[in-house]
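Reader: I should like to go through this model with you, beginning with its cysteines and then turning to the ligand. Could you take my questions in that order?

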Amino acid sequence: MSVEAHIGSLRKSIPQEVKMVAVSKFHPAEMIREAYAQGQRIFGESRVQELVSKQAELPKDIEWHFIGGLQRNKVKQIAPFVSLIHSLDSERLMLEIEKQGAACERVIPCLLQVHIAEEETKSGFTPDECRQFLKSSRWRECTHVQLAGVMGMATYTDDREQVRKEFRLLKSLFDVCKEQFFLHDPSFCEISMGMSGDYPIAIEEGSSMVRLGSLIFGER
Ligand SMILES: *Cc1c(COP(=O)(O)O)cnc(C)c1O
């Protein structure tokens, strides 16, 4: 099947209120154009250099999401255009995003990345660190950073109940944070969870945004 066909059939299987991020990392601009021609506008990339060069050559109404580990010294390059950073995982990174957002007079939406998997290798705040981070209120001073929700990656496993348990953990953390810190802030609304291998479970567990790479573009 073509990229067009994959996009079309995924759209049908994903509820309308759930956003689909087409994860185009390592795939050429030409494949992004194919998805774009099908109406896809949200694309996710995990490397700054690759994102910057694709952004320069592709249509300007694309919403670019950054989904990978983000080094502070590279924030400057994406600050002028990035639509959502899914990987805010430290106060130091937030302060840098604040600085670069101020420099280009933008408010940059960010998700708090939370470590929900069993695997040690995945990054993010632990749920406890996430609550502590919000309690510290440093983020309230960052007027160029808008906290827009949470993001997490489940363990890479065939054990569906394990995956479900992890997504549930992220959803309940979101609910607690929403109630404690963002009750009157409609922009804290996203739960970014679900990839090609586990997105149906993520949607059942309350995902608002799935990040799909190989299902759309094939193997990397
Ligand atoms: C690569 C990547 C994805 C997409 O993975 P697929 O399994 O190809 O859908 C989603 N989220 C993050 C953070 C990624 O790095």
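Reader: How far is the sulfur of Cys 130 from the closest cysteine sulfur, and in which residue is that sulfur?
Author: In this predicted model, the closest cysteine sulfur to that of Cys 130 belongs to Cys 177, at 4.5 Å. A disulfide requires the two sulfur atoms to be within 2.5 Å, so this pair is too far apart for a bond.

Reader: Is Cys 130 buried or exposed?
Author: Cys 130 counts as buried, with a relative accessibility of 0%.

Reader: And what about Cys 104: where is its closest cysteine sulfur?
Author: That sulfur is in Cys 110, 12 Å from the sulfur of Cys 104, which is too far for a bond. Cys 104 is partly exposed, its relative accessible area being 29%.

Reader: How many disulfides does the structure hold, then?
Author: The count of disulfides is zero.

Reader: Let us move to the ligand. Which pocket does it take up?
Author: The ligand occupies the space of the largest pocket.

Reader: Which residues are around the ligand?
Author: Among them are Val 23, Lys 25, Ile 67, Met 151, Met 153 and Met 195, together with Leu 212, Gly 213 and Arg 220. By class, the shell comprises six nonpolar, three polar and three charged residues.

Reader: Which side chains have an N or O atom paired with an atom of the ligand?
Author: Ser 196 is one of these, with a side-chain N or O atom 2.5 Å from a ligand oxygen. Arg 211 is another, its side chain placing an N or O atom 2.8 Å from a ligand nitrogen.

Reader: What does the backbone of Ser 214 contribute?
Author: A backbone N or O atom of Ser 214 is 2.7 Å from an oxygen atom of the ligand.

Reader: How much of the ligand does the protein bury?
Author: The protein buries 89% of the 390 Å² that the ligand exposes when taken alone.

How values were computed
Residues are numbered from 1 along each chain as its sequence is written. This is a predicted model: local features need pLDDT of at least 70, side-chain atom pairs count only at pLDDT 80 or more; totals for chains, interfaces and linings use all residues. Side-chain values use heavy atoms; hydrogens and water are left out. A residue is near a molecule or strand if one of its heavy atoms lies within 4 Å of it. A polar contact is a pair of N or O atoms within 3.5 Å; within protein, one must be able to donate a hydrogen and the other to accept it, and residues adjacent in sequence count only if both atoms are side-chain atoms. Accessible areas come from the Shrake-Rupley method with a 1.4 Å probe; for residues, only the protein chains shown count as cover. On a 1 Å grid over the protein atoms alone, a cavity is a set of points where a 1.4 Å probe fits but cannot get out, and a pocket is an open set with protein on both sides within 12 Å along at least five of seven lines; lining residues have an atom within 4 Å of a point. A molecule sits in a cavity or pocket if more than half of its atoms lie within 2 Å of its grid points. Ala, Val, Leu, Ile, Met, Phe, Trp, Tyr, Cys and Pro count as nonpolar, Asp, Glu, Lys and Arg as charged, and the others, Gly among them, as polar. Buried means under 20% relative accessible area, exposed over 50%, partly exposed in between (1.4 Å probe, protein chains only).
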